[in-house]
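Got your viewer open? Load the model below and keep the selection box handy; we'll hop from stop to stop.

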Amino acid sequence: MDGTDSGPEEDDVGVRLRALRTSYGMSQRELARRTGVPNGTISMIEKGRVSPSIASLKRIAAGLSMSLAEFFSVEAQPEADVFFDASELEEIGGGKVSLRAVGRTGDGGQLQLLHERYEPGGDTGAEMLTHIGEEAGVVVSGEIEITVAGMTRVLRAGDAYRFDSRLPHRFRNVSDELCELVSACTPPTF
């Protein structure tokens, strides 16, 4: 073999490269600019027409912000796992509190994003919550009473919070209107 023909392994590298590149929303030109590997070479690798050298593959992986080991172990996320219709948000709350997760819970991600809705009188429970991590959020509409480590404050639309989740905390809607907020926590709690 002269190195230009490709077998199944080289095709797999090309298929993997294209899937990873597109899952990052990156064009071949952008990847070429980031790596110094010519656009034509990236195209030929993706089409399985050329087998990349280890040095080129390392530069390409670095251009995708990953190591060579990650390049071969990470799964490219298809477009369906990037964008979510409102109906696809997973409900993980209950009762007067709706917690809708963006993405699949337990998918191994490092961040959890929630669209939260608290009906009047809705709360996270009488017992204070604690867990490893950090969380933050912004009130979109209505108002919410948040208690963190004995400090209590009512936040209104546009107000925000951020705290270490190891501190005891609780959320309550003490108003007569629906409260809506968007929050994030890392690592995921649910």
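Which residue takes a positive phi in the hairpin of β1 and β2? Select Gly95: its phi is near 65°, and the hairpin has five residues between the strands.

Some ground rules before moving on. This is a predicted model, numbered from 1 along each chain as its sequence is written, with local features needing pLDDT of at least 70, side-chain atom pairs counting only at pLDDT 80 or more, and totals for chains, interfaces and linings using all residues. Side-chain values use heavy atoms, with hydrogens and water left out. Helices (H or I, at least four residues) and strands (E, at least two) are DSSP runs, numbered from the N terminus.

**The sheet**

Stay with the hairpin and show residues 90–91, strand β1, which is joined to β2 by two bridges and runs antiparallel to it. Two strands pair if DSSP finds at least two bridges between them. Pick Glu91 and look across: Arg100 in β2 stands opposite.

Now colour 97–102, which is β2. Five of its six residues are buried (under 20% relative accessible area; exposed is over 50% and partly exposed in between, with a 1.4 Å probe and protein chains only). Next comes β3 (residues 112–118), antiparallel to β2 and joined to it by six bridges. Click Val102 and its bridge partner Leu113.

Zoom out for the whole open sheet: six strands, in the order β1-β2-β3-β9-β4-β7, with antiparallel pairing. β1 and β7 (160–164) are the edge strands, each pairing on one side only. Over at β7, five bridges tie this strand to β4 (residues 134–141), and Val138 sits opposite Ala160.

**Helix α2**

Select 28–35. Leu31, Ala32 and Thr35 are buried here. They lie on the same side of α2 because they cover an arc of only 100° around the axis, taken from the directions from the helix axis to the C-beta atoms. Flip to the other side for Arg29 and Arg33, both exposed. Right after the helix is Gly36, with a positive phi near 80°.

**The cores**

Show Leu17, Leu31, Ile42, Ile60, Leu64 and Phe71: these have the most contacts inside the largest nonpolar core, which has 16 residues. Such a core is a set of buried Ala, Val, Leu, Ile, Met, Phe, Trp, Tyr and Cys residues joined through side-chain atoms within 4.5 Å. α1 (8–23), α2, α3 (39–46) and α4 (54–63) each supply at least two of its residues. Last stop: another core lies apart from this one, with 13 residues, including Val139, Ile146, Leu155 and Tyr161.
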